[in-house]
Amino acid sequence: MHSSETLTDKEPGTGVHPLRMLLILIIVSIIMMFAAFTSGYIVRREEGNWLEFDLPSGLLINTVVIALSSASMQWAWFSARKDNVRQVQIGMLITFALGLIFLVGQWNVWGDLVANKVYFGGTDSNPSGSFTYVLMGVHAFHLITGLVFLVITLGRSLQYKVHSRQMLAISNCTIYWHFLGGLWLYLYLFLLLNH
Amino acid sequence: MAANLPVHSQVQGDIGATEPRTEHDEHLHHDEHHEQSFISKYIFSTDHKIIAKQFLITGIFWAIMGGALSSLFRIQLGWPEATMDWLQPVLGKWVEGGKLNPEFYLALVTMHGTIMVFFVLTAGLSGTFSNFLIPLQVGARDMASGFMNMLSYWFFFVSGLVMFLSLFLETGPAAAGWTIYPPLSALPQAIPGSGAGMTMWLVSMALFIISQLLGGVNYITTVINLRTRGMSMSKLPLTIWAFFLTAVLGLLSFPVLFSAALLLIFDRSFGTSFFLSDIYIAGQALNNTGGSPILFQHLFWFLGHPEVYIVIMPAMGMVSEILATNARKPIFGYRAMIGSLLGISVLAFVVWAHHMFVTGMNPFLGSVFMFLTLIIAVPSGVKVFNWLATLWRGNIRFTSAMLFSIGFVSLFIAGGLTGIVLGNAALDIQMHNTYFVVAHFHLVMGSSAFFGLFAGVYHWFPKMFGRMMDEKLGYIHFWLTFIGVYLVFMPMHYVGIAGFPRRYYAWTGFDSFSQFADLNKFISAAAIFAFLGQFVFIFNFFYSIFRGRRATENPWRSSTLEWTTPVVPGHGNWPGAIPAVYRWPYDYSKPGAAEDFIPQNVPFSETKSSNMPNEREQD
């Protein structure tokens, strides 16, 4: 927005702040991307020649980790509502750490997959394995963007710019983080039901 | 009308203020006195008007490139026996012994399609006019995020740079057609154009998609959130409706192309088999198994079909606006125009498989897609009827923009009719991949969208640069282009009905096609003629930026908000308060009114003599 623009002389819109709207639209585009991947997965699976394999148990642990990170993020948000700046920062740090643990966990799952002879590419690869790597990898990339968003919001909090009257940044960050967690939950269930 | 400055109070939304109030006030004064450096003002600018001009001028560059490439392959098609030694200084080793290299011919076709569809008619058209017109016409000071808007342009620029550099590769640029179907595009050993050129094509397109998404989310947010007071969705100019829905289409379809491109990158460079299976090439069996090339086509056309509406809908919106302004009549069927745009947007997502009738799909599925495809004729017909009804008994002013708008309607009808032919599965299987298809989409989407682009440039040039383009040169440009386009594409239908396939280097080996040698020569001559005609426009454009007649604030006597700004609006668009809006954008020749147009920001209390019974005097 132009720096002199105010939202008071505007036609009443959806009641959603422009930055929130931008975030929602970005989330929509990410959803479309994964819709393409997962529908391609289903179409491809129906055509046969599909390697079946068991998902490594590490995925379940990672799913729990990312669920916990959503909880700590929500705790940070509630703390911001109560103007408890210290708890906001602790909550976001915990979320960041859990996010990193999730990423390391996903990396280890890739190792388990390779140990089970499920490869991304090469002579012995099958699209069923390749799709699993792609879904996890593209999700991990977006999770890294979520971590960057967390760091930026944490930086604002350290400047005392996150509190009950300035909730926009942390609310957007929370929404994005919950989306990434929900997206992973969807992908995990999708892989469980369709592998 | 309220002339006082806006009150700074709680920011709209559920979350509360982002910045303390005093900071807003400081910014306001800060901007008025601050001189920006050249780099922040003209290069890494966050002002939507500068970004629009950047998109426009980059688009013009790419249009010249795309046109020049098509002239090269039309020379080959028109005069297959000619020696082309004279092109050697430009093309170097791509001309061997006076003959154009066949591999390079494929690369020319591919690059022409890619450049025109994506760089010119997507980025150059909606990038320019969505950026320029959305804040000006809805009454906003800038886009929702100027920074993301700037990134959008620079991602586009880098994307174009990568594509441009790929033209100079040893193995040539991508050559698998603009649709880059695997396995041809996935196997570097298949053709030289599937080597490094294809990799750069994919990288370029990935960057381009990011650019489009950054731009698109901004357009949508600005239209939803930053409309000025009174500008309800039912008072929006049709341009804005068109840009808005175009951005929605892009937001939903470009990520799917990104997915397809990513999987293709993995197939090419990481040994996966998403689209590859059981291939023997050069006597060798590849070890890729389990892939499905048809899956790529589904993913590609899920973007590819909405993409043609992404190209045409901004042109439709601008043409609606220009026709109403220059016919001095309200647009006929304003709500039907919005409804038909919505209809086209929805249908855009459920017709993609009509590009794939010959992939061996279930005939029942084919007839479903055929049915949905033919329904598109309904909203398209509504639009054509409304444009013609707007012209009917209008007090028409034949400005250059008006000529191009009328030309747009003509081309859209001529090209749309063959769409009904091609939408039928039974006919399409016969016509598939012939020049009939080429003629169809060049008329209905390529040339039409170009006419919309030209109309937009002629119409909004005064607001962009504060000067007028030359009308006489505009007429010359229009007639050269209008006649040229029909001379190129009408005969092409005949060649296509006879079965001549597209993307063929030469037809001289086939007896059945040699009778069309003269016709092909004629098409080529007309194409080069039409291409050369565009230099009239390019001269007019750049000359008028510096030497054109000075424009007034509202040279076309138009009623939309952008014409209430100063001749050259500064950063922030309106020096004082943003005007509020009281009426729809098409109050032309209203009975009883003092002037033949009433701007949107004039309240009904000031136009008592012309108010309709239902138009109460608000405030």
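**Exercise 1. Locate Ile180(B) in this predicted model, and determine whether Ile180(B) is buried or exposed.**

Solution. Begin with the chain segment: Ile180(B) belongs to the loop between α6 and α7 of chain B. Next, consider the backbone: phi of Ile180(B) is positive, about 35°, although the residue is not a glycine. Finally, apply the neighbour count. A residue is buried if 20 or more other C-beta atoms lie within 10 Å of its own; Ile180(B) has 23 C-beta neighbours inside 10 Å and therefore counts as buried.

**Exercise 2. Identify the residues joined by a cis peptide bond and state the omega value.**

Solution. The bond links Pro182(B) to Pro183(B), with omega about 5°. To place it, note that Pro183(B) sits in the loop between α6 (146-166) and α7 (196-225) of chain B.

**Exercise 3. Describe the backbone of Asn433(B) and classify its burial.**

Solution. Asn433(B) is a residue other than glycine with a positive phi, near 60°. Its position is the loop between α14 (425-431) and α15 (435-465) of chain B. With 16 C-beta neighbours inside 10 Å, Asn433(B) is classed as partly exposed, because that class falls between 12 or fewer (exposed) and 20 or more (buried).

**Exercise 4. Which residues touch the most other members of the largest nonpolar core, and which helix contributes the largest share of this core?**

Solution. The core holds 222 residues, and Phe244(B), Val319(B) and Ala455(B) touch the most other members. Helix α5 (residues 102-138) of chain B provides the largest share, 22 residues. Taking Val319(B) as a case, and leaving aside residues up to four places away in sequence, its contacts are Trp387(B), Ser405(B), Phe408(B), Val409(B), Gly452(B) and Ala455(B).

**Exercise 5. Analyse the side of chain A that touches chain B: which helix gives the most to it?**

Solution. The contact involves 47 residues from chain A and 57 residues from chain B. On the chain A side, α1 (18-46), α4 (127-158) and α5 (168-194) each supply at least two residues. The most comes from α1(A), with 15 residues. By character, the chain A side comprises 19 nonpolar, 20 polar and 8 charged residues.

**Exercise 6. Compare the UniProt transmembrane annotation of chain A with the secondary structure of residues 21-43 and 90-110.**

Solution. An unreviewed UniProt entry places "transmembrane region" at residues 21-43, 55-78, 90-110, 130-154 and 175-193 of chain A. In the model, residues 21-43 are 100% helix and 0% strand, with end C-alpha atoms 33 Å apart. Residues 90-110 are likewise 100% helix and 0% strand, and their end C-alpha atoms lie 30 Å apart.

Conventions:
Residues numbered from 1 in each chain as written. Chains lettered and ligands numbered in written order. Predicted model: local features only at pLDDT ≥ 70, side-chain atom pairs only at ≥ 80, totals over all residues. UniProt positions renumbered as here; feature names shortened; annotations may be inferred. Helix = DSSP H or I, 4+ residues; strand = E, 2+ residues; numbered from the N terminus. Contact = placed C-beta atoms within 7 Å. Nonpolar A, V, L, I, M, F, W, Y, C, P; charged D, E, K, R; others polar. Core = buried A, V, L, I, M, F, W, Y, C linked by C-beta atoms within 7 Å.
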